[in-house]
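Got your viewer open? Let's take a walk through this one together, stop by stop.

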Amino acid sequence: MSGHSKWANIKHRKAAQDAKKGVAYQRLTKNIIAAAKAGGGDPNANFQLKVAIDRAKAGNVPNDNIDRAVKRGAGTLEGVSYEDITYEGYGPGGVAVLVEVSTDNRNRTAPEMRTLFTRTGGAIGEPGSVAWNFERKGIITVTGSGIDEDELMTVALEAGAEDISQEEDGFEITTDPGTLSDVATAIKDAGYVVSDMERTMEPKTTVAVKTKEEAAKLMTMIDRFEEHDDVQNVYSNFEIPDEILAQLD
């Protein structure tokens with residue numbers, strides 16, 4: 001099994017920034033949309049959606065916002081039709097960037113995405129230009145005290161998980177996206193706390209950031225995309241070494 005995730009430091013840094021900027025509230029809503037889109041709008045039959053709704057309620061997201069997010073993801077929002085589009089491009093330092101959007105107006109969103117790439121020091125690319133470097137995975141986060149890694153690993157692997165790694169606040173379990181819900185349910189039924197689960201895009205190869213300035217530019221770029229209402233997810237293949245990450249605090 002793998003050791004400490006190379007993405008953990010970036011995730012923790014992003015979590016701190018999101019909290020400061022208020023992006024966390026929006027992220028909770030987007031997680032609901034993604035979960036409903038992946039498995040339907042019934043939380044009783046869609047465990048990923050139930051987890052997303054529980055997290056949103058814990059984050060004080062109003063019920064009306066939650067209901068609207070569920071309907072948007074499930075495609076039952078009256079009078080509105082959303083289209084899923086993925087934009088590909090490059091960030092500062094030539095890193096690969098994937099931006100997944102859900103929009104009711106492609107003609108509005110397309111130029112806005114192009115502008116965001118340009119204004120943050122990047123450039124939009126052609127379809128397929130960077131997607132080849134990513135593969136879709138399911139990620140389950142298990143939290144709690146006194147967790148025996150070997151026991152959790154046994155439960156996860158028997159349920160079909162691919163990998164498990166220890167993080168600062170618990171364990172991260174990687175699955176095939178098609179088995180995400182089944183593995184998460186098995187882990188929950190075994191008595192563990194599934195605090196988060198998502199389908200994500202993991203890079204096959206990464207690029208190490210060399211300077212504090214470049215790291216700051218990349219973090220700003222990710223923030224700008226995530227602040228856009230139509231953007232659901234942003235993925236990149238950069239890795240910030242701990243010594244540079246410390247300089248950003």
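Start with the whole protein chain and put a surface on it. That surface exposes about 12300 Å², and carbon and sulfur atoms supply 47% of it. Keep in mind as you look around that this is a predicted model.

Now switch to a cartoon view. You should find nine helices and 10 strands in the protein chain. The chain has 249 residues, and 47% of them count as buried. How much of the contact network links residues 24 or more positions apart? Among contacts in the protein chain with a separation of 6 or more, such residues account for 73%.

**Colour by confidence**

Next, colour by pLDDT. The protein chain averages 87, and 90% of the residues score at least 70. Then select residues 1-6, where pLDDT stays under 50. For that stretch the model has 19 contacts beyond four places in sequence, but take the placement with the low score in mind.

**Into a pocket**

Here's a handy idea before the next stop: rolling a probe the size of a water molecule over the atoms shows where empty space is left. Go to the second largest pocket, which has a volume of about 410 Å³. To find its centre, select Ala34, Glu100, Arg136, Arg199 and Asn233, the residues that lie nearest to that point among the 22 in the lining.

Which elements give two or more residues to this lining? On the helix side, pick out H2 (23-39) and H3 (47-58). For the strands, add S1 (83-90), S2 (96-103), S7 (193-203) and S9 (231-236). H2 provides the largest share of the lining, with six residues. Try colouring the lining by residue type: you'll get nine nonpolar, five polar and eight charged residues.

**Ser102, on a pocket strand**

Stay with strand S2 and select Ser102, which is found there. Is this residue buried or exposed? Its relative accessible area is 1%, so Ser102 is buried, given that anything under 20% counts as such. Show what surrounds Ser102: leaving aside neighbours within four places in sequence, its contacts are Lys37, Arg72, Tyr82, Glu83, Asp84, Asp230 and Gln232.

**Thr109, in a helix**

Hop along to helix H5, residues 106-119, and click on Thr109. Thr109 has 0% relative accessibility, so it counts as buried. Beyond its neighbours within four places in sequence, Thr109 is in contact with Tyr87, Val101, Thr103 and Asp230. Asp230 may ring a bell, as it was also on the contact list of Ser102.

**Out to the surface**

Now head back to helix H3 and select Ala58. With 64% relative accessibility, Ala58 counts as exposed, because the cut-off for that word is over 50%. Draw a distance from the C-alpha of Ala58 to that of Leu28: these two are 30 residues apart along the chain, and you should get 9.8 Å.

For the last stop, select Asn60, in the loop between H3 and helix H4 (63-74). Asn60 also counts as exposed, at 64% relative accessibility. Check the distance to Tyr25 too: C-alpha to C-alpha, Asn60 and Tyr25 are 8.3 Å apart, with their positions 35 residues apart in sequence. What is the phi of Asn60? Phi is positive here, about 65°, although Asn60 is not a glycine.

Technical notes
Residues numbered from 1 in each chain as written. Predicted model: local features only at pLDDT ≥ 70, side-chain atom pairs only at ≥ 80, totals over all residues. Heavy atoms only, no water. Helix = DSSP H or I, 4+ residues; strand = E, 2+ residues; numbered from the N terminus. Buried < 20%, exposed > 50% of the residue type's maximum accessible area, 1.4 Å probe, protein only. Contact = heavy atoms within 4.5 Å. Areas by Shrake-Rupley, 256 points an atom, 1.4 Å probe, with all protein chains shown as cover. 1 Å grid on protein atoms, 1.4 Å probe; cavity = no way out; pocket = protein on both sides within 12 Å on 5 of 7 lines; lining within 4 Å. Points joined across faces, edges and corners; volume = space filled by probe spheres on them. Nonpolar A, V, L, I, M, F, W, Y, C, P; charged D, E, K, R; others polar. pLDDT = per-residue confidence, 0-100.
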